[in-house]
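Let's take a walk through this structure together, one neighbourhood at a time. Have the viewer open and follow along.

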Amino acid sequence: MTAAVDLYPTRRQDQPRWHERIDPISYRRHDREAPLTAQQIDQFERDGFLLLPNAFSAEEVAVFRREVERLRSDKGILASDAAIREPDSGALRSLFAIHQSSELFARVAADERIAAKIQHLLDGDLYVHQSRLNLKPGFKGKEFYWHSDFETWHAEDGLPRMRTISCSILLTDNSPCNGPLLLVPGSHRYFISCVGETPDEHYRRSLRKQELGVPDDASLADMVSEGGITAATGQAGSVVLFDCNTLHGSNSNITPDPRSNLFYVYNHVDNLPVEPFGADTPRPAFVAERGPVTPLRIASQRYQ
Ligand code: AKG
């Protein structure tokens, strides 16, 4: 097999470099069937993310939260590699592959209120590359340092192109204080190659605290001085769609109020991972689906 061309080199040089994005942002413009307005598509194109306030009702969020409690008390899941703990307190930080461990969260992944919008933006069939629940309990929930997801997915999973969108569903209110997702508008237009070689099984460390595959301070400062920072605050049930290359992160939660969010990463079926571009071995399937995949069957869903 010939190696795929690396359009976004990273973790190879001793100096960070900026590369212009080669891939489209929204692969399909607005048309009569679009489940997004022309303004929403323009906003996603310009900022690299889009907020959808109150996409799910309070009753639906209550159903999701009951399911989170069920997963959190499942001893088998808690003992698996998919359960990630905070490095210091040992508190549960993330649960991966929730679309596989939960029938309910598999249905949510296919919910037309999110998946149809992403299908339009990526123009074609989708599958879930990764899913996770990020719990940020009051007082104990720690930060996620600034990064572009695509940098890691390209280097460690072998995702070849930027044709991937994440969706975060807010399961608690995300206030300015309890560690909401922070995004840098416009950062999705440049790929910042990072410095440093990927160690073996890097995911075991990076999922708890990411230190490699993060942009250098000067690049971050430039990006932020250009685009600023937007906090994706909103009521539980709101949704954030963000491009795979938008720089994002979040602060620790030192308030008493928990911040829990669900994440789904949708990839276009033509963009399946190949060999990793910056690591010796790919990450395991619970963190990066490698296929073969069946396209998601998007449908209207009701939860009770
Ligand atoms: C990620 O999952 O890549 C994140 O950056 C999550 C950030 C958060 O949960 O605040």
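A residue counts as buried when its relative accessible area is under 20%. Keep in mind that this is a predicted model. By that cut-off Y266 is buried, because its relative accessible area is 0%. Y264 is likewise buried, also with a relative accessible area of 0%.

Now over to helix α1, which spans residues 38-47. Which of its residues are buried? They are I41, F44 and D47. Those residues cover an arc of only 150° around the axis, so they sit on the same side of α1. There's a simple rule behind this sort of pattern: an α-helix has 3.6 residues a turn, so residues three or four places apart point the same way. Turn to the other side of α1 and you'll find Q39 and R46, both exposed.

What do the buried residues of α1 pack against? Their partners are β2 (49-52), α6 (112-122), β7 (164-170) and β11 (239-243). Right after α1 comes G48, with a positive phi, near 90°.

Back up a little, to the loop between β1 (17-20) and α1, and you'll meet S26. Is S26 buried or exposed? With a relative accessible area of 7%, S26 falls under the 20% cut-off, so it counts as buried. Its side chain makes a polar contact of 3.1 Å with the side chain of R29. If you leave aside neighbours within four places in sequence, S26 is in contact with I41, E45 and L121. I41 is one of the buried residues of α1 that we've already met.

On to the rings. How many aromatic pairs does a search of the whole structure find? It turns up 11. One of them is Y203 with F286, an edge-to-face pair with 6.2 Å centre to centre and 75° between the planes. Y203 lies in helix α8 (residues 203-206) and F286 in the segment after β13 (259-268), so this pair ties together parts that are 83 residues apart in sequence. Both Y203 and F286 are buried. Y264 and Y266, the tyrosines from the start of our walk, form a tilted pair: 6.2 Å centre to centre, with 40° between the planes.

Two more stops for ring-spotters. F56, F64, F105 and Y303 come together as one aromatic cluster. Finally, look at R93: its charged end sits over the ring of F144, 3.9 Å from the ring's centre.

Notes
Residues are numbered from 1 along each chain as its sequence is written. This is a predicted model: local features need pLDDT of at least 70, side-chain atom pairs count only at pLDDT 80 or more; totals for chains, interfaces and linings use all residues. Side-chain values use heavy atoms; hydrogens and water are left out. Buried means under 20% relative accessible area, exposed over 50%, partly exposed in between (1.4 Å probe, protein chains only). Helices (H or I, at least four residues) and strands (E, at least two) are DSSP runs, numbered from the N terminus. The arc is that of the directions from the helix axis to the C-beta atoms. Contact means heavy atoms within 4.5 Å. A polar contact is a pair of N or O atoms within 3.5 Å; within protein, one must be able to donate a hydrogen and the other to accept it, and residues adjacent in sequence count only if both atoms are side-chain atoms. Rings of Phe, Tyr and Trp (its six-membered ring) pair if their centres lie within 6.5 Å; planes under 30 degrees apart count as stacked, over 60 as edge-to-face and the rest as tilted. A charge sits over a ring if NZ of Lys or CZ of Arg is within 6 Å of the ring centre and within 35 degrees of the ring normal.
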